[in-house]
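Please look over the model shown below, with attention to its cysteines and to one of its strands.

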Amino acid sequence: MKFVNEYRDADAADRYARAIAAITTQPWTIMEICGGQTHSIVKFGIDELLPPEITLIHGPGCPVCVTPVELVDKAIAIATQPEVIFCSFGDMLRVPGSRGVEEREKDLLAVKATGGDIRIVYSPLDALKIAQTHPHKQVVFFAVGFETTAPATAMAVYQAARQEVKNFSLLVSHVLVPPAMEAILASPHNRVQGFLAAGHVCTVMGYTQYEPLVQKYCVPIVVTGFEPLDILQGVYMCVQQLESGRSQLENQYARSVRRNGNETAQQLMQEVFKIVSRQWRGIGEIPQSGLGLRDKYAQFDAQKRFDISNYAISEALLFQSITESTECMSGQILQGIKKPHECPAFGDRCTPEHPLGAPMVSSEGACAAYYRYRQWM
Ligand code: SF4
């Protein structure tokens, strides 16, 4: 396959691994910040190719995994309302809310199984189309994702406003990568000495946003792609910096990422969204780390449109009592403090068929990657 096989060449990977070993003189810990990179690393055994001094740890790069349980509960509350068609990316359907595993409303899939009109879509514009063809229904899109998917959400809102679509709204949970990286670097538990930044996010946003982090924390950041050779080259560039005492922002993924990114997409995001603080599942609130609808688009905010105050979550929210399964250590997984196989529930009480936490559900989740490719650990 053109432009894929070239980046999976085993001999070239071996040469990169030997080049990394040749320049490594001491232990280094490097975090990748994208779930797609995590899956490549685990699937292709990239971490096992590296010298023992290099530890790769997996960051909060899976948007499904970091969507807070409160918002999943709100999605379930809206989706159970009879006049609603609830549209979502497929991964979100099996993310557990705060209710028990046997409950009808434990996740969106359970709501669908008991008659809820929940539809899997591949784009927010598909949800907008459903709204236009079902004028007597309320159509809600669960807008989850990093900066990569935010422009498509912004386009759906912008089009809905222009076309005066009244029965369309969004439950917005978009999050931003640089504030999450700063939260990790500022944590007293931080182990990260270098980052592989997420190539797809930078394709949209460019990479100038990372310069303040490099300067403030003296940490190398290498914008990196997703194929095995991309990741090995990213690690090589990062180790080169660490070994020479440099901390710079570099771009390994130059075939896709430009310094200023996609400015048209950014303008659309600016038009529709404002920056807000956001809760991250398993981590807590990170200031200025999310996107919310601007006031001029507030009529498309599903949280304002639907009265879910009678739903049981409201009471729990009032007392701040919504929690993860007590067994799930997703917060530590998402911050790179623990690896999935170190969770006592991994592969036993927690599997993709019966997940206790979001990292086991999503195709980008670290626990799902280890379950799929590393069950022997
Ligand atoms: S293996 Fe399951 S329970 Fe453990 S951290 Fe991962 S998702 Fe949570």
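The report that follows takes up the cysteines and then the surroundings of one strand.

## The disulfide

In this predicted model, the structure holds 1 disulfide, which is formed by C62 and C65 with their sulfur atoms 2.3 Å apart. The link of C62 and C65 is right-handed, with 75° about the S-S bond. Both partners are buried: C62 has a relative accessible area of 2%, and C65 has a relative accessibility of 1%.

## Cysteines too far for a bond

For C34, the closest cysteine sulfur is that of C62, and because 9.4 Å lies between the two sulfur atoms, they are too far apart for a bond; C34 is itself buried, at a relative accessible area of 10%. The sulfur of C218 has its closest cysteine sulfur in C238, and at 14 Å this is likewise too far for a bond, while C218 counts as exposed, with 56% relative accessibility.

## Strand β8 and its neighbours

Strand β8 spans residues 221-224 and is covered on both faces, since I221 and V223 on one side and V222 and T224 on the other are all buried. In a regular strand, side chains alternate between the two faces of the sheet.

Strand β7, residues 194-198, pairs with β8 in the parallel sense over 4 bridges, and within this region L196 stands opposite V222 of β8. Strand β9, residues 249-251, also runs parallel to β8 and is joined to β8 by 3 bridges, with L249 in β9 as the bridge partner of I221. Together with helix α12, which covers residues 228-243, β8 and β9 make a left-handed β-α-β unit.

Definitions and conventions:
Residues numbered from 1 in each chain as written. Predicted model: local features only at pLDDT ≥ 70, side-chain atom pairs only at ≥ 80, totals over all residues. Heavy atoms only, no water. Disulfide = S-S within 2.5 Å. Buried < 20%, exposed > 50% of the residue type's maximum accessible area, 1.4 Å probe, protein only. Helix = DSSP H or I, 4+ residues; strand = E, 2+ residues; numbered from the N terminus. Pairing = 2+ DSSP bridges. Right-handed = clockwise from strand over helix to strand, strands pointing away.
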